[in-house]
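Dear colleague,

I am handing over the structure below, together with notes on what was found in it. Please read the notes alongside the coordinates.

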Amino acid sequence: MPTIKLELITKQPEKVKYQTPLLFIHGAWHGAWCWDEFFLPFFADQGYVCHALSLRGHGGSDGKKNLRWTSIAEYVDDIYEIAGKFSNPPVLIGHSVGALVIRKYLEQYSASGAVFLTPVPTGGMINSVFRIFLKYPLLFIKVLLTQNLYHLTFRSLIN
């Protein structure tokens with residue numbers, strides 16, 4: 001498996017209180033940047049070494065050309081590559097698809113802990129996607145054509 005460049009944003013505490021690092025994993029159409037403003041500084045202030053990973057094809061990581069064909073297993077490989085560099089297994093914190101990737105990671109590897117923030121349902125997103133399509137068919141088609149979820153954000157739906 002060829003190694004790709006993965007973006008990792010790290011916040012160090014002034015004084016490390018806990019030897020277990022935190023590794024934050026973003027959801028779809030995001031990157032490590034989404035954790036950088038609030039989560040990383042907050043937990044670093046509590047004494048944790050904090051990291052946020054941009055999965056391949058996201059943020060500053062390589063792989064944007066192949067994003068459409070990237071598998072969850074490849075995202076698991078990204079976590080494995082980064083987590084293996086830490087002296088202690090991290091606590092994995094994932095949002096949405098990031099939580100799904102962590103669940104799949106834990107099927108093969110161990111971590112010090114895991115936190116799932118609004119995880120993708122275990123049955124997948126097909127029911128939600130179908131409801132959105134029925135309610136907002138033109139917006140849904142626009143998302144498919146542009147590959148940009150902005151068109152379906154809450155603000156767009158209430159206008």
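The five strands form an open sheet of mixed pairing, in the order β1-β3-β2-β4-β5, where two strands pair if DSSP finds at least two bridges between them, and where helices (H or I, at least four residues) and strands (E, at least two) are DSSP runs numbered from the N terminus. The edges are taken by β1 (7-11) and β5, each of which has a single partner strand, so one side of each is left without a neighbour in the sheet. From one strand to the next the twist averages 20 degrees, with axes being lines fitted to C-alpha atoms, for helices over the stretch in contact, and angles running from 0 to 180 degrees between N-to-C directions.

Before going further, please note that this is a predicted model, in which local features need pLDDT of at least 70 and side-chain atom pairs count only at pLDDT 80 or more, while totals for chains, interfaces and linings use all residues. Residues are numbered from 1 along each chain as its sequence is written, and side-chain values use heavy atoms, with hydrogens and water left out.

At one edge, β1 pairs with strand β3 (residues 50-54) in the antiparallel sense over five bridges, and L8 stands opposite L53 in β3. At the other edge, strand β4 (residues 91-95) and strand β5 (residues 113-117) pair in the parallel sense, also over five bridges, with G94 opposite F116 in β5. Helix α4 (residues 97-108) joins β4 and β5 in a right-handed β-α-β unit; right-handed here means that, with the strands pointing away from the viewer, the path from the first strand over the helix to the second runs clockwise.

The same helix, α4, packs on the sheet, where it touches β2 (22-25), β4 and β5, and its direction makes about 140 degrees with that of β4; contact means heavy atoms within 4.5 Å. The axes of helix α3 (residues 72-83) and α4 come within 9 Å and cross at roughly 70 degrees, which makes α3 roughly perpendicular to α4 (angles under 35 degrees count as roughly parallel, over 145 as roughly antiparallel, 65 to 115 as roughly perpendicular and the rest as oblique). In this contact I72, Y75, V76, I79, Y80 and A83 of α3 meet V97, L100, V101, I102, K104, Y105 and Q108 of α4. These residues divide into eleven nonpolar, one polar and one charged, counting Ala, Val, Leu, Ile, Met, Phe, Trp, Tyr, Cys and Pro as nonpolar, Asp, Glu, Lys and Arg as charged, and the others, Gly among them, as polar.

Some single residues also deserve a note. V91, in strand β4, is buried, with a relative accessible area of 18% (buried means under 20%, exposed over 50%, partly exposed in between, with a 1.4 Å probe and protein chains only). Although V91 and P21 are 70 residues apart along the chain, their C-alpha atoms are separated by 6.4 Å. W29, in the loop between β2 and α1 (33-36), is partly exposed at 48% relative accessible area, and, leaving aside its neighbours within four places in sequence, W29 is in contact with H58, Q147 and L149.

Finally, most residues other than glycine have a negative phi. S96, in the loop between β4 and α4, has a positive phi near 55 degrees, and T118, in the loop between β5 and α5 (126-135), has a positive phi of about 40 degrees. T118 counts as exposed, at 55% relative accessibility.

With best regards
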